[in-house]
Every structure is written in structure tokens, then in C-alpha cells.
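Me: I should like to learn how to read charged contacts and surface patches in a model. Could you guide me through them?

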Amino acid sequence: MARHNLGTVVQFEFTRTVKKRRFWIATLAIPVLLGIVFALVFASNSSTQQRSDEQKNQTLTFSYSDASGLIEPKLATAMGGTLEKDPGTAVERVREGTLNAYFNFPASIGKDPVRVYGTDQGIFKNGSYDAVAKQLVVLSAQQKVGSAELTAAVQGNFSTESQTFKDGQISGGLETVVPPLLFLVLFYVVIILLANQMLASTLEEKENRVTEMILTTLNPTTLVVGKVISLFLVGAVQALVFATPMVLGYIFFRDQLAMPDFDLSNLQFQFLPMLIGGLLFVGGFILFTGVLVGIGAVMPTAKDASTVFAPVMIMMFIPFYIVTMVVSDPGSIIVQIFTFFPFTAPITAMLRNAFGSLSGVSAVIVIVELFVFGFVALRVAVHLFRYGSIEYSRKLSLRTAFARKP
């Protein structure tokens, strides 16, 4: 009978939520906005690429004087330049508009700046003068060096391949950090998407004054657990809808949208960090869910609950104020406090787990702590819901609720 009731609650809560028009309006609003942003970025990048191609095909006409002897005349001519015959009047002719641009290369380019003068073509196009002058110097220097290897070495145009070791084994880089961090992203998505719905779902029957009728046929534990499961399913639906446009954009329009080309095949899903990340996610979810249900049980209305809800959500973001310390100095006192304090433990421990600074002993302690506090919070929330469900106009007295026997 209890299983039947639990299934009924989950089905009812899930169906009731997904049938609401405002649910789909809110859920589809983000993908629609992302689609609009992607379309604008696509159009902008296409226009930028077109302008770039046009600028490449255009030849910038300029004259130049070279006291350094570095500039190769053939390269300058190919780029649209001519040797200036009257440097003394060149700047004045640019000012009058009879000369498009004039570059004055000093005797020591390393010490003195290259003087660039040009007619105003707008704030964006004016940058082409500096670009052409620098490109002319670079190409001329490369030609004088006469060695592609030396040129690449001087400019730093070479790649490196690094390999690090930990405990005698090859340690990974970002390929091993990213997979455990997915649990952190999922945790934020689930809690942020479901927190308001959790409060609304808990308070809805109370504000409608039908909770006491529901509790005549259902155990409070069954009702609360059913709401938690149904809202988790609702959150999964929302996460899927939100992720769809980003996945499609990455697969089919990555170049047009200027998305980074990240090779997912290089990701390393190590068993232990992934297991610890998954347990931290589940434990943190249970803890925050129990707290939110408790808030909904104590407060008479959603407006009253919001005053307590905000500080709880803020505690989720506090660890990001010390994220650099978490990564660079995980042994510091404040990081240790954040690691073991229940409301900051999920985020801090997930970060440390991803970056490899969470020891096995610390991981076990944090996981046990989250599950213990989480189940205690759920148990207390069910108890408060039992007695707070009939408090319609005032906040439930905690002293009175705990004084009663369940």
C-alpha cells in the first residue's frame, strides 16, 4: 500500500507540474532565448568573416621611409607600399588627405616606436594601419633570418607536450578534472531549478488548506518523499530541455558560433573521483532538500519562506569566493572549515575532489556527514510537515512541534 501511495504521489506531482502552462513557458523561455542569441552570434560572425575577407582582398596604399634598413622593398611593394621620396612633407600630405598613409621606421625599431600616420577611416578600420606596419616588419625580419625554425623559436610559435606524475603514476590535466566537475554543475542546476518548486510544492496544499485531507490517506513521509522524487524528475526534464540547444549548437554550428573545440574523447573518467563526486552530489541534494522541506513546513506562505530561503541559497555560492584558495592552498584553515561545514561542504568537497586535493579520509568524512545530516534534515522536515501543515496563518512554533510526539 505504501509503495502504491508513493507511486501515486510521484505520478500526480510530476503530471500536475508538467501540465501547467507556466511551467513550459518558463522551461522553454531559456532555450528560445539561447536560440535567439545563437542566431545573432551566427549572423554577427558571418558578417565579421565577410568584412575580414573583404579587408584581406583590399590593398592598403601607403608610403614609407626606412632608417633601420630592415624593411624589404619587395615585401613593401607587395603590400601596397612605396618608398617615400619626400619624408619631410609626408605627414602634412596625410593631414591634407592627398596621401593615404605614411609609415616612418626608425633606425632602432627595438628602442624607438614606428610612427604611423593615416587618414581617418573610422575607429575600427584605423587599426589596419598599425597591423600592416607590424606585419611588414615581421615578414621582413623573417626573410632576413632565412630560417623557419629560428623564426618560430623567436616568436614562440612552437608547441610543448607535458607529462606529470603522482604517486608513481601519470597524472592527468584538465582531462581528469572536468568529469568530476560535472557533478558540481549538475548540483547547481538541480538545486537552482528545483528550490523554488520545492517550496511552492510544499506550501501549495497548505495555502489551499487541503493538506489535512491529504494526510488522512497518506503518511507524511510518503508524501514528502514522493514530492522530492517528482521534482527531481521535473528537474531532469528541464535540464534536458535547457541542454538541447547548446548540444545541437556545439555539434552542428560550433565554428559559426565560435564555440571552443574541446575534444571530449580525451576526457578521463576515473572511477574513484567519479564515485566520490556522485556520492557528494546525492548527499548534498538530500541535505538541501530536507532543509527546504523543513522551511516550507514551518512557514505559512511562500512569501514568508523566501526570507529564510535566500540565506540557504547564498551558502551554496560562498565557496566560490575562495575558489582560488581551494585550488592553490587546500590545506588552509578556511578551506578546511568550508570542506566540513554541512552547507558549504558539497561545493567545496566537489571542487577539491575534481582537482585531486581531497584525501580519501576527508572524502569519507564529508560523505558520511552529508548523508547523516541529510536524513536527519528529512526526518525533521517530515515531523515539522506533520504539524505545520495545519498552521495556515502563522509560523509553526518549533518548541511546540518538537514537544509533540510523532
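The dialogue below treats salt bridges and then a nonpolar patch.

Reply: Please bear in mind that this is a predicted model.

Me: How many salt bridges does a search of the whole structure find?

Reply: The general criterion is a side-chain nitrogen of Lys or Arg within 4 Å of a carboxyl oxygen of Asp or Glu. In this structure, the search returns two such contacts. One of them joins the side chains of Arg93 and Glu84, with an N to O distance of 2.4 Å. The other pairs Arg95 with Glu92 at 2.6 Å, N to O.

Me: Are Arg93 and Glu84 buried or exposed, or in between?

Reply: Relative accessibility under 20% is read as buried and over 50% as exposed, with partly exposed in between. Arg93 is partly exposed because its relative accessibility is 25%, whereas Glu84, at 12%, is buried.

Me: Where do Arg95 and Glu92 lie along the chain?

Reply: Both belong to helix H4, which spans residues 87-96. Because they are three residues apart in that helix, about one helical turn separates them. Arg95 has 60% relative accessibility and therefore counts as exposed; Glu92, at 36%, counts as partly exposed.

Me: Which residues form a nonpolar patch on the surface?

Reply: For such a patch, one looks for nonpolar side chains within 5 Å of each other, on residues with over 30% relative accessible area. Here the patch consists of Trp24, Leu28, Val32, Leu33, Ile36 and Leu40, and together they present about 570 Å² of accessible area. Trp24 is located in helix H2, residues 21-57. With a relative accessibility of 32%, Trp24 is classed as partly exposed.

Notes:
Residues are numbered from 1 along each chain as its sequence is written. This is a predicted model: local features need pLDDT of at least 70, side-chain atom pairs count only at pLDDT 80 or more; totals for chains, interfaces and linings use all residues. Side-chain values use heavy atoms; hydrogens and water are left out. Buried means under 20% relative accessible area, exposed over 50%, partly exposed in between (1.4 Å probe, protein chains only). Helices (H or I, at least four residues) and strands (E, at least two) are DSSP runs, numbered from the N terminus. Patches are made of residues with over 30% relative accessible area and no salt bridge: like charges are joined within 9 Å, nonpolar side chains (Val, Leu, Ile, Met, Phe, Trp, Tyr) within 5 Å. Accessible areas come from the Shrake-Rupley method with a 1.4 Å probe; for residues, only the protein chains shown count as cover.
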